[in-house]
Amino acid sequence: MPTTADFFTYAQYLGLFTLASALITLIAFLSSQGWRFRLVGVTGFSLVLTVGLFALSLVPFTRTVVPGAVRYTVVYDNGGPNVVITVPARITETELEATLQQAASNLYTLGRLERDRLLVRARALAHPKPGLSQPFYLGQASRAPSPNRASTEFKVEIYPERLAQLQSLSAT
């Protein structure tokens, strides 16, 4: 995945291309070339791309990696305060806690509708009988109340009884 430094380098090269195409466009207008208006489009489009790449160089792309976390999939997220992730049925309590921490940290953004509240719930599916799926909510991570609005501390809550019930159903 490109870093912010890579985007800045791309923006510099595309900026040089934009300046060169603007110079060629100016020369084409002064010499009344027939293709001068096409160069206006090329210059304008390359300017838009340059500004976009420069903007991407300002925003860091970072993901939190919590040791012990397992792969999860987001199954419900409407941009509001509620998110549901799915985890494997054979997950341990420590893996679940690490996964919830990682998911809550990665999914929390200031662009959410209700940025003061974020609730990430983890679920797994068990199949007690053929053709029957039963969801088990195994835990949740919520934003810890804090006087500092910029705080991104999350409180993780695990449901050990449901985890044990899921493990017993998965073993059969």
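The legends below describe a predicted model in close-up views.

Residues are numbered from 1 along each chain as its sequence is written. Local features need pLDDT of at least 70, side-chain atom pairs count only at pLDDT 80 or more, totals for chains, interfaces and linings use all residues, and side-chain values use heavy atoms, with hydrogens and water left out.

**View 1. The whole protein has 4 helices and 5 strands.** Helices (H or I, at least four residues) and strands (E, at least two) are DSSP runs, numbered from the N terminus. Along the sequence, the pattern reads α-α-β-β-α-β-β-β-α. The protein has 172 residues, and 30% of them count as buried. Buried means under 20% relative accessible area, exposed means over 50%, and partly exposed lies in between (1.4 Å probe, protein chains only). About 11000 Å² of the protein is exposed, and carbon and sulfur atoms supply 62% of that area. Accessible areas come from the Shrake-Rupley method with a 1.4 Å probe; for residues, only the protein chains shown count as cover. Contact means heavy atoms within 4.5 Å. Among contacts between residues at least 6 apart in sequence, 57% join residues at least 24 apart.

**View 2. Helix H1 spans 39 Å from its first C-alpha to its last.** The helix has 27 residues. Its span is close to the 39 Å expected at 1.5 Å a residue; the expected span is 1.5 Å times one less than the number of residues. The buried residues of H1 are Phe7, Ala11, Leu14, Gly15, Thr18, Ser21, Thr25 and Ala28. Helix H2 (36–58) is included in what covers them.

**View 3. Phe7 and Tyr10 form an aromatic pair within H1.** Rings of Phe, Tyr and Trp (its six-membered ring) pair if their centres lie within 6.5 Å; planes under 30 degrees apart count as stacked, over 60 as edge-to-face and the rest as tilted. By this rule there are 4 aromatic pairs. The ring centres of Phe7 and Tyr10 are 6.2 Å apart and the planes stand at 90 degrees, so this pair is edge-to-face. Both residues lie in H1 (residues 4–30), 3 residues apart, about one turn of the helix. Phe7 is buried, at 13% relative accessibility. Tyr10 is partly exposed, at 42%. Another pair joins Phe29 and Phe37: centres 5.4 Å apart, planes at 90 degrees, so again edge-to-face. Phe29 is partly exposed, with a relative accessible area of 37%. Phe37 is exposed, at 53%.

**View 4. Ser32 lies in the loop between H1 and H2.** The residue comes just after H1. Ser32 is not a glycine, although its phi is positive, at about 55 degrees. Its relative accessible area is 52%, so Ser32 counts as exposed.

**View 5. Val66 sits in the loop between H2 and strand E1 (73–77).** Val66 is partly exposed, at 22% relative accessibility. Leaving aside neighbours within four places in sequence, Val66 is in contact with Ala98, Gln101 and Gln102. From Val66 to Glu95 the C-alpha distance is 9.7 Å, with their places 29 residues apart in sequence.

**View 6. The largest nonpolar core holds 23 residues.** A nonpolar core is a set of buried Ala, Val, Leu, Ile, Met, Phe, Trp, Tyr and Cys residues joined through side-chain atoms within 4.5 Å. Ile85, Val87, Ile91, Leu96, Leu100, Val120 and Leu138 touch the most other members. Two or more residues come from each of strand E2 (82–86), helix H3 (93–107), strand E3 (119–129), strand E4 (132–143), strand E5 (154–158) and helix H4 (160–171). H3 gives the largest share, 5 residues. Leu96 touches Val87, Ile91, Ala122, Leu138 and Ile158, not counting residues up to four places away in sequence. In soluble globular proteins, nonpolar side chains tend to be buried together.

**View 7. Ser142 is found in strand E4.** Ser142 is buried, at 18% relative accessibility. Its contacts, apart from neighbours within four places in sequence, are Leu118, Leu119, Glu153, Phe154 and Lys155.

**View 8. The charged end of Arg121 sits over the ring of Tyr137.** The distance to the ring centre is 4.1 Å. A charge sits over a ring if NZ of Lys or CZ of Arg is within 6 Å of the ring centre and within 35 degrees of the ring normal.
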